[in-house]
Amino acid sequence: MSIPEKEIDWEALAQSLAAGAGLELWAPEVRAWLADGSGGRVLVACSGGADSVFLLCQLWGRRAELGLELVVAHYNHGWRGLASDGDAVFVEGLARGLGCEFLTERRAAETDGSTETGARALRMEFLRGAAKAQACGAIFFGHQRDDILETQLQRLARGAGLEGMAAPRPVHRFKGNEPVHLRPLLDLSAEALRGHLVRAGIPWREDATNADMGIARNALRGKFIPELEGMLGRDASAGAARTRRLLEADAVALVELAQVALPEAFTGSDSLVRETLQSLPEALSRRALTAWLEGHGLLASLSAAGFDALLAA
């Protein structure tokens, strides 16, 4: 959509969107998190694309009833030169138009953001740092239902367990003082989301690199998944969303069982008894060892193959 930025009444548009897109569209886990009084000052990650613009406008229109104070953050990867800078300008105009504090950062030339994995790591580092600096207890992300299947397929190819295949989660908590990650739109398809934006007259930015089939996620979205759905005659993204919910429930249950079977792995014990680990089903010993290594800051130093070798020993 090509409405000149200076003519956009962002507050009116956001109110219109919020009136037509209620919180019943949100993942119930996020609604429960907010109902517990966990709101307050939060960071909203906004790229300028349809998903994050929808989320920001909906959050702003519902901020009073949710008890939220919004800080908007945009990470400029600089992949597309002037177009990337245009995204940053667009998001800043949106944030200022809604009266929100705005934070941004452009990728330094010497950093490696040339791959999707590297770019994601840099973006997450910026967002988490910004959230902590602004005393934000949570970061809102605009991931929607179509993102689930794309993520599952990529992780399946790498070899992932329940936790990996259950991502992205609506509510993802981390140890320490890391902000909670919230994804309220995981039950809403990209098509439905854009329909709400069009009806409310809200513009967004289109990333031209989304058409580059040389990027794995784009190829999955633009070629593989449509072909898969055509062959199966069903909405694969809806099925993937249900699978994600089931896998998350199983993953949570297994962690709880591991905590009962080997509590010292989760309480910072200096050591574990190998015989006890060996006596447990692998699903429980794997989670106990993961928790123990993570608690001692050792997990990140192991590759997947290294962890498997340690568990086998």
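Gln134 counts as buried, because its relative accessibility is 16% and the cut-off for buried is under 20%. Keep in mind as you look around that this is a predicted model. You will find Gln134 in the loop between helix H6 (116-133) and strand E4. Setting aside neighbours within four places in sequence, Gln134 is in contact with Arg41, Val71, Glu101 and Leu103.

Now for the sheet. How are the six strands ordered? They form an open sheet in the order E3-E2-E1-E4-E6-E5, with mixed pairing. At the edges sit strand E3 (101-106) and strand E5 (171-172), each of which pairs on one side only. Helix H3 (residues 50-61) packs on this sheet, where it touches strand E1 (40-45), E2 and strand E4 (138-140). The direction of H3 makes about 160° with that of E2.

Strands of a sheet pair through backbone hydrogen bonds, and they may do so in parallel or antiparallel fashion. Strand E2 (residues 68-76) and E3 run parallel, joined by six bridges. In one of these pairs of partners, Asn76 is matched with Arg106 in E3.

Next, the cysteines. How many disulfides does a search of the whole structure find? It finds zero. The table takes two cysteines in turn.

| Cysteine | Closest cysteine sulfur | Distance | Relative accessible area |
|---|---|---|---|
| Cys46 | Cys57 | 8.0 Å | 2% |
| Cys136 | Cys100 | 11 Å | 7% |

Why is Cys46 not bonded to Cys57? Their sulfurs are 8.0 Å apart, which is too far for a bond, because a disulfide needs the sulfur atoms within 2.5 Å. Cys136 is in no disulfide either. Cys46 is buried, and Cys136 is buried as well.

Conventions. Residues are numbered from 1 along each chain as its sequence is written. This is a predicted model: local features need pLDDT of at least 70, side-chain atom pairs count only at pLDDT 80 or more; totals for chains, interfaces and linings use all residues. Side-chain values use heavy atoms; hydrogens and water are left out. Two strands pair if DSSP finds at least two bridges between them. Helices (H or I, at least four residues) and strands (E, at least two) are DSSP runs, numbered from the N terminus. Contact means heavy atoms within 4.5 Å. Axes are lines fitted to C-alpha atoms, for helices over the stretch in contact, and angles run from 0 to 180 degrees between N-to-C directions. Buried means under 20% relative accessible area, exposed over 50%, partly exposed in between (1.4 Å probe, protein chains only).
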